[in-house]
Amino acid sequence: MKKGWNVLIQYQSLIWIVLAWEVIAFMHIMPERLFPSLTKVVVVAFDLISSGMLMENLPTTLFRVFAGFGLAILVGVPLGLLMSRSAMLNDVMQPMFSLGYPIPRVALYPILVFILGLGSASKITLIFIECLFPIVLNTYYGATRVGKLYLWAGQNMGASSSQIFWRILLPATMPSIFTGLKIALPLAFIIAVLTEMIGSTVGMGYLLSYMSASLMQEKVLAGVLLITLVGYLLNLLLQFIQRKYVFWQ
């Protein structure tokens, strides 16, 4: 009973949003064609799942998200760690990240399309660039905040550079790395959907764009609802991995 009450308290903001949505739809404050009830949107969402439209498009979007996000992890985490250990590399890279962070990187998409085409390559590259910034910067600042006392203690106990890295520096930086991943993952999803809306013949962004152009607003909202649900589940998966493997934070 207490656990159920705690869940209600935790998600009360969502409950209020649902209630407000239903009240607005019931009172016809907005035209039903533009703002259908949430119940109707949920029914349409199940129709999208049962008709196969979701499974025709979601795997392509997930592939692009995981490819770009995974490449950003492979490059961003080692780069952030190296920047924290090498003053010269930090001097070279830090201005690029400081100046590049505020740039709306989606503006680079036409250039990437010109170079790589309208297929997955240009979308994955833009997702990679977008995710790289939070991953590198969170890794870098997490590594620089590792207590010098731990590093000195390791050196005094005769630990090699490799042992200090794997036993002290990397584990102490892992919470910050996961913070960067949790910021980057939703960005990957947003960029994937956005670029698919601009130019694609498959994917969740294309599906949203097609339904919006066909004035099927309840299907657009159902698609948004499904994208939100998938993004939320991916975030839960990331949190589960963090709790299981970074339990010392």
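Which residues does Gly-154 touch, not counting residues up to four places away in sequence? The answer is Ala-159, Ile-164 and Ile-168, where contact means heavy atoms within 4.5 Å.

Before going further, a word on the model. It is predicted, so local features need pLDDT of at least 70 and side-chain atom pairs count only at pLDDT 80 or more, while totals for chains, interfaces and linings use all residues. Residues are numbered from 1 along each chain as its sequence is written, and side-chain values use heavy atoms, with hydrogens and water left out.

Back to Gly-154, which sits in helix H8 (residues 148-156). Helices here are DSSP runs (H or I, at least four residues; strands are E, at least two), numbered from the N terminus. Gly-154 counts as buried because its relative accessibility is 8%; buried means under 20% relative accessible area, exposed over 50%, and partly exposed in between, using a 1.4 Å probe and protein chains only. From Gly-154 to Ala-25 it's 129 residues in sequence and 63 Å in space, C-alpha to C-alpha.

**What the record says**

The unreviewed UniProt entry puts "domain: ABC transmembrane type-1" at residues 58-238. UniProt positions follow the numbering used here, feature names are shortened, and annotations may be inferred rather than shown by experiment. That 58-238 span is 85% helix and 0% strand, and its end C-alpha atoms lie 19 Å apart. The entry also marks "transmembrane region" at several stretches, including 13-30 and 124-143. Here are those two beside the domain span:

| Residues | Helix | Strand | End C-alpha distance |
|---|---|---|---|
| 13-30 | 78% | 0% | 22 Å |
| 58-238 | 85% | 0% | 19 Å |
| 124-143 | 100% | 0% | 27 Å |

**The core**

A nonpolar core is a set of buried Ala, Val, Leu, Ile, Met, Phe, Trp, Tyr and Cys residues joined through side-chain atoms within 4.5 Å. The largest one has 50 residues, and Phe-69, Cys-131, Ile-135, Leu-181 and Phe-189 touch the most other members. Helices that each supply at least two of its residues include H4 (53-85), H7 (120-144) and H9 (161-198). H9 gives the most, with 15 residues. Leaving out residues up to four places away in sequence, Leu-181 touches Phe-69, Ile-73, Ile-135 and Leu-238. There's also a second, separate core of nine residues, with Leu-79, Met-83, Leu-132 and Leu-137 among them.

**How helices cross**

The axes of H7 and H9 come within 7 Å and cross at roughly 155°. That makes H7 roughly antiparallel to H9. Axes are lines fitted to C-alpha atoms, for helices over the stretch in contact, and angles run from 0 to 180 degrees between N-to-C directions. Under 35 degrees counts as roughly parallel, over 145 as roughly antiparallel, 65 to 115 as roughly perpendicular, and the rest as oblique.

For H6 and H7, the axes come within 8 Å and cross at roughly 140°, which makes H6 oblique to H7. On the H6 side, Tyr-109, Leu-112, Val-113 and Leu-116 meet Ala-121, Ser-122, Lys-123, Thr-125 and Leu-126 in H7.

**Two more residues**

Thr-173 belongs to helix H9. Is Thr-173 buried or exposed? Thr-173 is buried, with a relative accessible area of 0%. Its contacts are Leu-81, Thr-139, Gly-142, Ala-143 and Val-146, again not counting residues up to four places away in sequence.

His-28 lies in the loop between helix H2 (12-26) and H3, and His-28 is exposed at 53% relative accessible area. Its phi is near 55°, a positive value in a residue other than glycine. Most residues other than glycine have a negative phi.
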